[in-house]
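Trainee: Hi! Could we go through this one together, a bit at a time?
Mentor: Happy to. Let's bring it up on the screen.

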Amino acid sequence: MDYVNPFIGTSNFGATNPGAIAPRGMVSVSPFNVAGSQNAPMEKDSRWLSNPYVYENSFLTGFSHVNLSGVGCPDLGVILTMPTTGELETDYQKYGSTYAFEIAKPGYYSTTLEKYKLKVETTASTRVGVSNYAFPEGQANILINLGLGLTNEEGGMLKIVSPTEIEGMRNVGSFCYYKPDESYPVYFVARFSEPADDFGIWKTPRTYDGLEGQWMGYNGKKRFYKQYRKEVIGDSIGSYFTYHFKKPTQVEVKIGISYVSIANARENLEKETKDLSLIDIYRRTSEQWNNLLSKIEVEGGTEDDKTIFYTALYHTLIHPNTLNDINGEYPTMAKRETAKTDGTRFTVFSFWDTYRNLHALMSLVYPKQQSDMVKSMLHIYDESGWLPKWELNATETTTMVGDPAGIVLADTYLRGIKDFDVQKAYEAMRKSAVQLEDNPLRPGIKDYIQKGYLTTKTTQSGSVSTTQEYNISDFAIAQLAQALGKTADYKLFSRRAVTYRNLFDKEFNLLRPKNHDGTWYTPFNPDKGANFEKNLGFIEGNSWQYTFMVAHDILWLMKSMGGQNSFVKKLDEVFEKNQFDMANEPDIAYPYLYNFTNGFEWKTQDRVSDLIQKYFTNKPDGLPGNDDTGTMSAWLIYSMMGLYPVLPAKPLYTITTPVFDKITLHLDDTYYKNKNLIIEKKGEGHIESIFIGNTTQKTWFVSHDELVNSGRLLINLKKVR
């Protein structure tokens with residue numbers, strides 16, 4: 001745990017934050033420094049900004065209690081607390097402060113607000129955020145601002161229960177600006193260790209422009225409800241607790257969160273933290289983090305190597321995170337009715353990103369968590385009739401393209417995590433692949449089945465890349481069908497898994513969009529689409545960044561490009577012409593594709609090593625871009641261990657040079673027969689030989705079962721003279 005640096009990814013649009021959070025926590029207490037003109041240009045309302053904290057910003061306006069880590073769209077970032085001193089001020093542009101002396105580690109964050117000479121410490125349990133404010137002598141104020149946040153939804157409620165307790169609700173939602181009609185409430189209860197001398201609620205109503213407004217002396221003006229004990233509802237509301245301390249005093253604030261009810265938020269607060277101090281809670285959360293991070297132990301490498309490795313592991317343990325309350329209750333998908341689970345109901349499934357590596361990593365290192373994630377996916381299917389695509393707090397955001405959930409289901413089962421209803425999983429996967437009408441997971445499915453691909457008429461954006469995503473999903477169905485003895489389906493979906501071949505254009509040796517009549521889309525510029533430029537053929541990328549995203553059919557692609565040498569030359573061009581995008585998912589497996597050749601495997605080792613050194617550092621900008629709920633971090637973890645799951649839904653790893661001399665994975669003996677898997681590197685240079693157990697490995701690939709059952713991977717290196 002000492003090697004985790006939560007500031008990594010807080011710059012360069014990594015979209016992480018250094019806030020205190022428990023593993024897979026519902027709550028995180030993050031410094032909020034993206035509001036106010038003082039923070040321009042990285043200010044939340046002046047640009048597309050999806051994180052509550054940016055390392056370079058200097059003006060802090062509070063501490064938000066529900067946040068997302070490593071996502072590309074603004075949402076949540078609400079329920080902000082802010083300690084101040086002196087005369088009461090409720091305008092965040094005026095009460096905000098510069099800050100210094102930041103400390104962040106797993107489960108803990110602290111800073112000093114320079115304007116008030118006031119130290120803030122925070123920690124969190126799974127469902128409760130805890131803050132300690134060290135006030136000097138004199139007037140002190142604790143504000144809860146419900147009008148401020150990252151979400152663009154409005155509306156909230158506050159009710160002061162007593163001089164030590166407030167309850168309320170904040171509306172959030174519309175992730176990526178989709179589905180505003182599915183916004184939803186997050187409930188909270190805040191409890192203070194010291195009773196306030198004075199308290200109240202403020203509200204800034206909208207301004208009336210009509211004739212009526214001329215008669216309203218209070219039109220658009222902020223109102224204060226002093227000593228008020230009933231609910232106050234509005235868009236821009238907040239509460240204040242004021243104290244008059246005769247000596248320096250510390251006030252502890254605990255905020256319990258629930259997506260079900262205020263009563264559940266209060267129960268979460270009481271059962272998780274009632275009699276515990278901040279230091280008690282931090283010690284418990286710190287122990288949880290240390291236990292999880294210690295599942296992998298590394299030896300060798302530099303101190304920075306260890307820090308970027310364990311920080312990446314830390315980032316993969318934030319999302320998916322817990323949705324259910326301590327009593328098991330959670331809101332169901334679609335209708336948001338209250339249901340109950342005996343385990344953990346997970347949320348934040350960014351599958352377009354995470355199917356590529358994160359869930360395979362969870363199956364290897366944290367299989368019980370992965371099993372519960374799969375069960376959560378199947379509960380979502382039961383509740384809504386469909387598997388999730390990009391699920392957030394029991395809403396389907398429908399962000400990104402493809403039908404990725406089935407890939408995760410198949411991959412998990414084929415890696416030996418089988419304690420879930422695989423027949424239901426298969427039914428759910430198949431449904432999205434065959435239902436022609438009203439299919440939210442596969443828009444354009446009729447053209448996909450009839451033609452084998454989506455056309456420039458089927459969709460106005462991403463016809464080629466969406467076809468590829470459907471292919472990979474069909475490949476996953478085929479692999480699971482084979483394992484379950486469904487021979488006809490195996491053949492059917494194996495054929496469907498390679499229909500991208502219709503879009504391979506030998507003129508460019510790249511994939512190219514086709515029109516509805518089967519002609520090539522013209523004019524075609526394979527470079528168009530980089531840097532998130534919109535184009536007809538590709539989503540968040542161009543032809544270079546998608547053509548090789550067919551690892552399940554790479555030998556056909558190699559042959560079609562003119563053989564191995566032509567394939568390698570074309571793959572080299574991706575890197576040498578600056579078409580490779582380390583910050584986006586479609587091409588992140590590209591460095592490993594040289595392992596499919598005979599004689600060019602050393603290029604994988606060089607490419608991976610170069611990418612680690614270039615893009616991953618022990619600095620705030622130490623991620624190549626958006627962490628995508630841990631996907632970039634998962635790439636790094638695997639790459640530093642010398643393995644990569646290059647074929648989603650095929651339980652194989654391909655091998656490269658580890659960064660560390662020795663890596664020990666402590667396996668879960670509920671799922672694996674061996675207690676440990678040891679990866680060792682000996683020598684320097686390029687890989688000369690590989691041993692699985694005591695057996696020489698003749699290929700650059702090893703199955704998941706063979707690897708974990710052998711207990712040992714030895715990689716011998718040798719310098720080439």
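Trainee: Which residues form one aromatic cluster with Tyr3?
Mentor: Tyr3 shares that cluster with Phe309, Tyr310 and Phe660. Keep in mind as we go that this is a predicted model.

Trainee: Okay! How many aromatic pairs does the structure hold?
Mentor: There are 33 aromatic pairs in the structure. One of them joins Tyr108 and Tyr282, with 5.4 Å centre to centre and 55° between the planes, which makes the pair tilted. This pair links distant parts of the chain, 174 residues apart: Tyr108 is in strand 6 (residues 108-113) and Tyr282 in helix 3 (residues 278-293).

Trainee: And are Tyr108 and Tyr282 buried or exposed?
Mentor: Tyr108 and Tyr282 are both buried.

Trainee: What about Phe508 and Phe524, how far apart are their ring centres?
Mentor: The centres of those two rings are 5.1 Å apart, and the planes stand at 90°, so Phe508 and Phe524 make an edge-to-face pair. Here the partners are 16 residues apart. Phe508 sits in the loop between strand 26 (504-505) and strand 27 (510-511), and Phe524 in the loop between strand 27 and helix 13 (543-547).

Trainee: Why does Phe508 count as partly exposed?
Mentor: Because its relative accessibility is 21%, and buried means under 20%. Phe524, with a relative accessible area of 14%, is buried.

Trainee: Got it. Which charged side chains lie over the face of a Trp ring?
Mentor: Arg356 lies over the face of Trp352, 4.7 Å from the ring centre. Lys431 does this with Trp386, at 4.3 Å from the ring centre.

Trainee: Switching topic: which residues have the most contacts inside the largest nonpolar core?
Mentor: Those are Phe567, Leu593, Trp635, Met641, Val646 and Leu665, in a core of 139 residues. Helix 17 (residues 631-641) gives the largest share of this core, 8 residues.

Trainee: And what does Phe567 touch?
Mentor: Setting aside residues up to four places away in sequence, Phe567 touches Phe548, Ile554, Leu557, Met558, Met561, Leu593 and Thr597. Apart from this core lies another one of 73 residues, and among them are Ala140, Leu146, Ile160 and Phe199.

Trainee: Is there a general idea behind cores like that?
Mentor: Yes: in soluble globular proteins, nonpolar side chains tend to be buried together.

Trainee: Now a polar residue. Where does Asn324 lie?
Mentor: Asn324 is in the loop between strand 19 (321-322) and strand 20 (329-331). With a relative accessibility of 4%, Asn324 counts as buried.

Trainee: What does the side chain of Asn324 reach?
Mentor: The Asn324 side chain reaches the backbone nitrogen of Arg345, at 2.9 Å. Leaving out neighbours within four places in sequence, the residues in contact with Asn324 include Met26, Arg127, Glu329, Tyr330 and Thr341.

Trainee: Let's do sheets. What is the strand order in the open sheet with strand 24?
Mentor: The order is 23-24-25, and the pairing is antiparallel. Strand 23 (349-350) and strand 25 (395-396) are the edge strands, each pairing on one side only. Strand 23 is joined to strand 24 (residues 390-392) by 2 bridges, and Ser350 stands opposite Trp390.

Trainee: And the open sheet with strand 29, what order does that have?
Mentor: That antiparallel sheet runs 28-29-34. Strand 28 (643-644) and strand 34 (701-703) each have a single partner strand, so one side of each is left without a neighbour in the sheet. Strand 29 (residues 652-655) pairs with strand 34 over 3 bridges, and there Tyr653 stands opposite Val702.

Trainee: Last one: which residues stand opposite Ile692?
Mentor: Ile692 stands opposite Leu713 in strand 35 and opposite Thr695 in strand 33. Strand 32 (residues 686-692) and strand 35 (residues 712-718) are antiparallel, paired over 6 bridges. Strand 32 is also joined to strand 33 (residues 695-696), by 2 bridges.

Trainee: How many residues lie between strand 32 and strand 33 in their hairpin?
Mentor: There are 2 residues between them, and Gly693 in the turn has a positive phi of about 65°.

Notes: Residues numbered from 1 in each chain as written. Predicted model: local features only at pLDDT ≥ 70, side-chain atom pairs only at ≥ 80, totals over all residues. Heavy atoms only, no water. Pairing = 2+ DSSP bridges. Helix = DSSP H or I, 4+ residues; strand = E, 2+ residues; numbered from the N terminus. Core = buried A, V, L, I, M, F, W, Y, C linked by side-chain atoms within 4.5 Å. Buried < 20%, exposed > 50% of the residue type's maximum accessible area, 1.4 Å probe, protein only. Contact = heavy atoms within 4.5 Å. Polar contact = N/O pair within 3.5 Å; in protein donor to acceptor, adjacent residues only side chain to side chain. Phe/Tyr/Trp six-rings, centres within 6.5 Å; stacked < 30°, edge-to-face > 60°. Lys NZ or Arg CZ within 6 Å of the ring centre and 35° of its normal.
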